[in-house]
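Let's take a friendly walk through a protein model together. Keep the picture at hand and look for each residue as its name comes up.

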Amino acid sequence: INAEYMGHFLSVYFFSPRTMEETQGRKLIILGLPWTVAEDEFRQFFDRFGEITEAIIMKDMMTGASRGFGFITFATAEAAQQVLTEHQSAGPLMMGGKRLDPQLAVPRGEAPGGRGRGMGGFGRGGGRGWAAGDSP
């Protein structure tokens with residue numbers, strides 16, 4: 001849902017519990033994306049790890065510019081784990097000269113160490129969305 005609140009435009013994403021359960025372990029949040037990366041390039045980069053069911057780059061509603069992060073959902077949890085394993089063992093994943101930070105996306109409130117960095121709701125808590133699993 002796109003809405004305006006007190007002069008600010010907001011994007012609100014709703015995820016049903018069923019949808020979150022279906023993608024748990026298969027969905028990654030990818031932080032550190034280059035500002036210029038296109039969705040097809042984003043999908044193509046991760047395609048080598050396994051079948052992708054969804055690839056989304058989060059964009060600013062007003063400008064349409066990338067917000068620097070996106071989500072990749074794989075057909076299997078093993079493919080998602082392979083991304084994390086390669087990132088840890090073979091060195092950081094790089095795209096367009098930038099170091100990517102892939103993390104397992106977990107429902108907000110279930111992230112280890114507290115709330116994590118929320119990626120849903122109104123940006124300052126509230127709502128149910130996805131959070132980075134091991135965010136500092």
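Is Q44 buried or exposed? Before answering, keep in mind that this is a predicted model.

## Starting with Q44

Q44 has a relative accessible area of 62%. The cut-off for calling a residue exposed is over 50%, so Q44 counts as exposed. You can find Q44 in helix 2. From there, look across to A55: the two residues are 11 apart along the chain, and their C-alpha atoms are separated by 9.6 Å.

## The overall layout

Now step back and take in the whole chain. The protein chain has three helices and nine strands. If you trace the elements from the N terminus, their order is β-β-α-β-α-β-β-α-β-β-β-β.

How many of the residues are buried? Of the 136 residues in the protein chain, 40% are. The accessible surface comes to about 7,800 Å², and carbon and sulfur atoms account for 52% of that surface. Contacts also link distant parts of the sequence: among those between residues at least 6 apart, 55% join residues at least 24 apart.

## Inside the nonpolar core

Let's move inside. The largest nonpolar core has 20 residues, and those with the most contacts inside it are I30, L33, F42, F46, I72, F74 and L100. Several elements each supply at least two residues of this core: strand 3 (27–31), helix 2 (39–46), strand 4 (52–59), strand 5 (66–74) and helix 3 (77–89). Helix 3 gives the most, with four residues.

Another core, of six residues, lies apart from this one, and I29, L31, F69 and F71 are among its members. Here is a general point to remember as you look at the strands: in a regular strand, side chains alternate between the two faces of the sheet.

F42 is a good residue to explore in the largest core. Leaving out residues up to four places away in sequence, F42 touches I30, L33, V37, A55, I56, I57, G70, F71, I72 and M95.

## A cluster of rings

Next, look for the aromatic rings. The structure holds four aromatic pairs. One of them is formed by F42 and F46, which meet edge-to-face, with 5.6 Å from centre to centre and 75° between the planes. Why are these two separated by about one helical turn? Because they are four residues apart in helix 2. Both F42 and F46 are buried, and the relative accessible area of F46 is 0%.

F46 also pairs with F45: the ring centres are 4.9 Å apart and the planes are at 75°, so this pair is edge-to-face. Together, F42, F45, F46 and F49 form one aromatic cluster.

Charged side chains join the picture too. The charged end of R48 sits over the ring of F45, 5.0 Å from its centre. Elsewhere, the charged end of K27 sits over the ring of F71, at 5.1 Å from the ring centre.

## Strands side by side

Strand 4 and strand 5 run antiparallel and are joined by six bridges. I52 stands opposite F74 in strand 5. The two strands form a hairpin with six residues between them, and in the turn G64 has a positive phi of about 80°.

Strand 3 and strand 8 also run antiparallel, with four bridges joining them. Here I30 stands opposite P102 in strand 8. Why is strand 8 described as largely enclosed by the rest of the structure? Strand 8 covers residues 101–107, and five of its seven residues are buried, so the rest of the structure largely encloses this strand.

## Ending at A79

Our last stop is A79, which is in helix 3. Is A79 buried or exposed? The cut-off for buried is under 20% relative accessible area, so A79, at 5%, counts as buried. Not counting residues up to four places away in sequence, A79 touches F49, G50 and F74.

A79 and I52 are 27 residues apart in sequence, and their C-alpha atoms are 8.9 Å apart in space. To finish, set A79 beside the residue that began the tour: A79 is buried, whereas Q44 is exposed.

Conventions
Residues are numbered from 1 along each chain as its sequence is written. This is a predicted model: local features need pLDDT of at least 70, side-chain atom pairs count only at pLDDT 80 or more; totals for chains, interfaces and linings use all residues. Side-chain values use heavy atoms; hydrogens and water are left out. A nonpolar core is a set of buried Ala, Val, Leu, Ile, Met, Phe, Trp, Tyr and Cys residues joined through side-chain atoms within 4.5 Å. Buried means under 20% relative accessible area, exposed over 50%, partly exposed in between (1.4 Å probe, protein chains only). Contact means heavy atoms within 4.5 Å. Accessible areas come from the Shrake-Rupley method with a 1.4 Å probe; for residues, only the protein chains shown count as cover. Rings of Phe, Tyr and Trp (its six-membered ring) pair if their centres lie within 6.5 Å; planes under 30 degrees apart count as stacked, over 60 as edge-to-face and the rest as tilted. A charge sits over a ring if NZ of Lys or CZ of Arg is within 6 Å of the ring centre and within 35 degrees of the ring normal. Two strands pair if DSSP finds at least two bridges between them.
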